[in-house]
Amino acid sequence: MKMSTLVLVWSVVLGLVVHGMTTFGEMRNQEQQKQVENRHKFAYATMMYMGTPRDYEFYVAIRVMLRSLARLKVDADLVVIASLDVPLRWVQAWEQEDGAKVVRVENLNNPYKNQANFDKRFKLTLNKIYAWNLVEYERVVMLDADNLFLQKTDELFQCGQFCAVFINPCVFHTGLFVLQPSKEVFKDMVHQLETGQDNPDGADQGFIGGYFSNLLDKPMFYPPTNRTKLDGQYRLPLGYQMDATYYYLRLRWNVPCGPNSVITFPGASWLKPWYWWSWPVLPLGLQWHNQRRQNLGYGAELPMVLIQSILYMGIITVTRLARPSISKLCYRRNDKDISVIQAGLKLIAIWSILAAYVFPFFVVPCTSHPILGWGLYLIGSFALCSVAINAFILPTLQVLTPWLGIFGVLLVMAFPWYPSGIVRALAIFGYAFCCAPFVWTSLVNVMACLQASVEREVFFPKLG
């Protein structure tokens with residue numbers, strides 16, 4: 001009786017286990033099938049490599065672009081082609097927080113690195129041709145990190161085997177192009193690298209431009225209304241990659257060919273939109289930061305901003321309270337020694353004022369929001385100027401005249417109602433012309449006050 005009961009119980013348990021395993025297997029198969037069904041046929045891809053002084057800034061730029069594409073709900077995967085030396089924590093952030101797929105690759109050797117006109121910043125940009133190796137996708141839109149999307153551009157996946165924008169009249173720009181991945185094309189490109197295909201700039205721009213040298217003769221791309229994919233090569237309308245420099249003539253977009261979908265920021269690397277000083281120098285920088293604020297935020301920079309703000313406020317308070325004694329320096333009765341010390345003190349005072357305006361610029365986190373960045377810079381320069389003012393008993397207004405000038409020019413540049421970029425440039429020039437006499441006068445007065453300060457008995461009491 002007991003044995004039969006045990007057998008019955010064991011049979012029931014075994015049946016439940018088998019049923020559970022079967023159910024789990026079916027659920028797993030359904031999940032895998034669902035993942036296969038949900039896998040996109042298209043991808044927006046970008047690349048990341050290491051070895052430049054601005055690696056972290058490009059990492060942040062890629063995150064903002066990925067999140068802005070996700071916010072637009074594009075019907076495509078987000079892919080980052082990352083070299084093997086990219087930090088693992090960055091890879092995890094792209095995958096886990098930004099929803100991107102990261103493809104790790106080895107850096108391609110650049111055979112053009114010894115050319116006379118080669119820029120070392122572009123040594124590893126040839127990694128971009130790995131986009132042709134993404135053969136699990138039917139079409140890929142390859143992007144640089146300095147693209148700003150204004151609206152969804154999924155119609156680009158209807159384009160042919162290769163499509164790009166000519167922001168230069170004769171040479172297309174590789175900051176955004178559409179391609180059909182192909183192992184054969186990828187292998188041929190690698191072969192062309194090994195055999196030394198002509199490359200005027202030694203970077204991806206010159207190489208890909210030479211590989212598709214006849215694109216200028218191809219027809220313009222207009223997306224078919226029936227959503228079919230085209231074959232061949234096409235030129236993309238300028239609206240798919242609007243050069244930011246076109247904006248500054250009229251301070252608005254006026255690109256009639258194609259939808260105004262994507263802004264690109266080529267040119268000077270130190271004026272990329274993610275740097276806090278890019279606005280209001282270049283007004284479009286604020287538009288990029290608005291996208292970052294909406295998609296990524298500034299949590300990485302805020303601790304450093306708060307620490308520096310507290311430090312600067314402490315410097316202002318301490319120097320003000322210690323002013324009665326901070327400048328006292330005793331000396332012995334020797335005229336020769338006094339003249340040398342006075343000259344040294346004047347030199348120190350001049351360099352301290354100069355450092356007050358230069359040093360804060362380099363310690364503000366470079367990817368901060370422009371308002372936070374400029375605010376922290378102005379507080380920092382004011383705090384360090386106060387050290388020189390209180391230490392050398394200098395007139396406050398004269399030392400802070402450049403500070404007021406910087407604040408004023410920021411207001412002039414940020415004024416939002418200029419009718420055109422030419423009027424804006426003339427306004428900035430006129431402001432600088434009017435400020436120059438005041439800055440020169442304040443400099444002369446500071447030097448005179450400095451000479452008087454180092455000769456005062458209060459500042460320089462005698463010993464003995």
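Q: Exposed means over 50% relative accessible area, and buried means under 20%. With that cut-off, is Arg 227 buried or exposed?

A: Exposed. This is a predicted model, and in it Arg 227 has 70% relative accessibility, so it passes the 50% mark for exposed.

Q: Where is Arg 227 in the fold?

A: In a loop. Arg 227 sits between α5 and β8, the strand at 233-236.

Q: What about the phi of Arg 227?

A: It is positive, near 65°, and Arg 227 is not a glycine. Ile 393 is another non-glycine with positive phi, at about 50°.

Q: Where does Ile 393 sit?

A: Also in a loop. Ile 393 lies between α12 (370-391) and α13 (396-399).

Q: New topic. Which peptide bond is cis, and what is its omega near?

A: The bond from Trp 279 to Pro 280 is cis, and its omega is near 10°. Pro 280 belongs to helix α7.

Q: Pockets next. How much space is in the largest pocket?

A: About 710 Å³. There are 27 lining residues, and those closest to the centre of the pocket are Phe 58, Phe 122, Thr 125, Asp 144 and Lys 272.

Q: Which helices and strands supply at least two residues of that lining?

A: Two strands and two helices do. The strands are β1 (42-48) and β7 (173-179). The helices are α2 (55-71) and α5 (204-211).

Q: How does the lining divide into nonpolar, polar and charged?

A: Evenly. The largest pocket is lined by 9 nonpolar, 9 polar and 9 charged residues.

Q: Back to Lys 272. Buried or exposed?

A: Buried. Lys 272 has 9% relative accessibility, which means it falls under the 20% cut-off.

Q: Where is Lys 272, and what does it touch?

A: Lys 272 is in the loop between β10 (262-264) and α7 (278-281). Leaving aside residues up to four places away in sequence, Lys 272 touches Asp 146, Phe 265, Pro 266 and Ser 278.

Q: How many residues apart are Lys 272 and Trp 288, and what is that in space?

A: They are 16 residues apart in sequence. C-alpha to C-alpha, Lys 272 and Trp 288 are 9.7 Å apart.

Q: Now α14. What does it reach, end to end?

A: Helix α14 covers residues 401-414, which is 14 residues. From its first C-alpha to its last, α14 reaches 20 Å, close to the 20 Å expected.

Q: Which residues of α14 are buried?

A: Thr 401, Trp 403, Gly 405, Gly 408, Leu 410, Val 412 and Met 413.

Q: Zoom out to the protein chain. How many helices and strands?

A: The chain has 15 helices and 10 strands. It has 464 residues, and 45% of them count as buried.

Q: How much of the contact set is long-range in sequence, say 24 or more positions apart?

A: Among contacts with a separation of 6 or more, 70% are between residues 24 or more positions apart.

Q: And what is the accessible surface of the chain?

A: About 24600 Å². Carbon and sulfur atoms hold 64% of that surface.

Conventions: Residues are numbered from 1 along each chain as its sequence is written. This is a predicted model: local features need pLDDT of at least 70, side-chain atom pairs count only at pLDDT 80 or more; totals for chains, interfaces and linings use all residues. Side-chain values use heavy atoms; hydrogens and water are left out. Helices (H or I, at least four residues) and strands (E, at least two) are DSSP runs, numbered from the N terminus. The expected span of a helix is 1.5 Å times one less than its number of residues. Buried means under 20% relative accessible area, exposed over 50%, partly exposed in between (1.4 Å probe, protein chains only). On a 1 Å grid over the protein atoms alone, a cavity is a set of points where a 1.4 Å probe fits but cannot get out, and a pocket is an open set with protein on both sides within 12 Å along at least five of seven lines; lining residues have an atom within 4 Å of a point. Grid points are joined across faces, edges and corners, and a volume is the space filled by probe spheres set on the points. Ala, Val, Leu, Ile, Met, Phe, Trp, Tyr, Cys and Pro count as nonpolar, Asp, Glu, Lys and Arg as charged, and the others, Gly among them, as polar. Contact means heavy atoms within 4.5 Å. Accessible areas come from the Shrake-Rupley method with a 1.4 Å probe; for residues, only the protein chains shown count as cover.
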